[in-house]
Amino acid sequence: MSAQEVDIVVVGAGPVGLMCAYLAQHCGLSTAIIDKSDKPLAVGRADALNARTLQLLEVANLFDELYPLGKPCNTSSVWADGKFISRQSTWWDSLEGCFHKHFLMLGQSFVENLLDSKLKKTESAVKRSTSVMNVEINADKCLTTLSNGETIKSSYVIGADGSRSFVRDHFKVGFEIVRPQIVWAVIDGIVETDFEKVPEIIVFQAETSDVAWIPREGNIDRFYIRMDTKDFSFEDALEKINRAIRPHTLKFKEVVWFSQFSVKESVAEKFFVEDRVFLTGDASHVHSVNGGQGLNTGLADAFNLMWKLNMVLKHGASTDLLHSFEGERKPVAQSVIESSGELVRSTKYSQNGTHAQDYVNIVQKRAGNITGMGIRYGELGLRGTRLYDLEIFCGPLKTRIYSLLDYARYTLLIFSDDKINLNLPEYVNIIQIKSHKNQSDYWTKESPYYNQAILVRPDSYIETSVTVDKIESLLTHFLN
Ligand SMILES: Cc1cc2nc3c(=O)[nH]c(=O)nc-3n(C[C@H](O)[C@H](O)[C@H](O)COP(=O)(O)OP(=O)(O)OC[C@H]3O[C@@H](n4cnc5c(N)ncnc54)[C@H](O)[C@@H]3O)c2cc1C
């Protein structure tokens, strides 16, 4: 049987692998995506998309379909001994340059099912009930062998095969796991209670802080319950909920998902092998669910990697660009481990016995990770920062910058009223934004980028910027 040949093989069709394949298709790359499961996730697992993920979904034209399905939530409150203690949302409210200053509470299955259905309309539907058994890196191609005996040649392979990654283990990439001996029960379901339901994340303080109540899409609620041992029943978890919310009581009319997980923390020693095989999502970092960062960090990996592969495969960029995937994403993974690690430990240990309040204070301190908006690549100036979203107008019509970005291309934003003629390669889209109202061009009277030319990467981080009079130097530097 002759081998199929594609640009990229994606191992694993969890949310991260699906996003990698979807973005590759968007860029016009050919892909094969393989998963051993027979269908996308139906219930459970991640429950929140952060503000940065929402912006990235907009760039990938997925926002409009997902957003109406979820429930916005930007408030965390603390209850102790049956009393309301505090309510905070400052870290969301103070975000600048974005229009959705909240989590979108929405189960991971919605993301997976949307992407899975989009891929079915391409030549790269997920090949299911099939495992990847071997990956070889040869002189100029990779060769992937599947459990049905088929082989696939590709320029690149992406390991998006989860925390027990076959790809990571196969290439002997170090993944030393720390286990802080913390076990959670998770219940999704429809509740009946005399506690007044509010669409907020509520952290309850009893002796310690063992219970968090998370609003979800539709009429579902989620509870995280920290358990003392791995051997517990649903009734044990329910008893802890009732202890935390007393004097109120709660029962489940319907249980949609009941699961447990033991916290593990690790970052892969490296994120790529021989410039050919890349590790993304849980294959390269695992940590506690506190702060809701697993899915969000994995999706951001996909957005960081796929445009770089596109630029190398289709537009002759140097493979050095691919190395920046690890340079940029490994420190982020490390910081996510630190922030989720600090959060999860605070549920068990507190110097003053104020676990729940400590928890919310840590959320505030680590808001850059939790909202996703504090991630930047590079230390100085605008370079490496996320592009601010702005309302702009085209004639009388209102739009926003993020709805004009295209993941397959860079965007050169020129904030100037001068006439500017530039000859740019087709992988750079130019948008000029003037400072006064006019009928035919984009314009805005308010912009933090006044008189700047901003080159924006496909993943909507700023590549570089100069004042408009130096635009030639920006292009000479960037295009050579
Ligand atoms: C209870 C719970 C709650 C969570 N809550 C949150 C949250 O609130 N917010 C958040 O951001 N994250 C949360 N997470 C984490 C989130 O679910 C994961 O980070 C996310 O699923 C990682 O996606 P992934 O695509 O990297 O890996 P996975 O979703 O694990 O997908 C990996 C895929 O690879 C496939 N696979 C594995 N090996 C092979 C092979 N050899 N061949 C073919 N296919 C293979 C598997 O079948 C699977 O479909 C939670 C997780 C759990 C368990």
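## Exercises around helix α8

Helix α8 and helix α9 (residues 320–346) pack with their axes 9 Å apart, at an angle of about 175°. Keep in mind that this is a predicted model.

**Exercise 1.** Work out how α8 runs relative to α9, and which residues of α8 make the contact.

*Solution.* Start with the angle, about 175°. Angles over 145 degrees count as roughly antiparallel, so α8 is roughly antiparallel to α9. Next, look at who touches whom: α8 brings Thr297, Asp301, Asn304, Leu305, Lys308, Met311 and Val312. Among their partners on α9 are Leu321, Phe325, Glu328 and Arg329. Finally, sort the residues of this contact by type: nine are nonpolar, three polar and four charged.

**Exercise 2.** Now do the same for helix α1 (residues 15–26) and α8 (residues 294–315).

*Solution.* The two axes come within 9 Å and cross at roughly 25°. Angles under 35 degrees count as roughly parallel, and α1 and α8 are therefore roughly parallel to each other. The crossing is right-handed. From α1, the contact uses Pro15, Val16, Met19, Cys20, Leu23 and Ala24, which meet α8 residues including Leu299, Phe303 and Met306. By type, the contact has 12 nonpolar residues, one polar and one charged.

**Exercise 3.** Find which residues come nearest to the ligand, and which element gives the largest share of the shell around it.

*Solution.* Of 34 residues around the ligand, the nearest are Gly12, Gly14, Gly162, Gly281 and Gly294. Two or more shell residues come from each of α1, β15 (250–262) and α8. The largest share, four residues, belongs to α8. Overall, the shell splits into 14 nonpolar, 14 polar and six charged residues.

Notes. Residues are numbered from 1 along each chain as its sequence is written. This is a predicted model: local features need pLDDT of at least 70, side-chain atom pairs count only at pLDDT 80 or more; totals for chains, interfaces and linings use all residues. Axes are lines fitted to C-alpha atoms, for helices over the stretch in contact, and angles run from 0 to 180 degrees between N-to-C directions. Angles under 35 degrees count as roughly parallel, over 145 as roughly antiparallel, 65 to 115 as roughly perpendicular and the rest as oblique. A crossing is left-handed if the near helix is turned anticlockwise from the far one by less than a right angle, and right-handed if clockwise. Two residues are in contact if their C-beta atoms, placed from the backbone, lie within 7 Å. Ala, Val, Leu, Ile, Met, Phe, Trp, Tyr, Cys and Pro count as nonpolar, Asp, Glu, Lys and Arg as charged, and the others, Gly among them, as polar. A residue is near a molecule or strand if its C-beta atom, placed from the backbone, lies within 6 Å of it.
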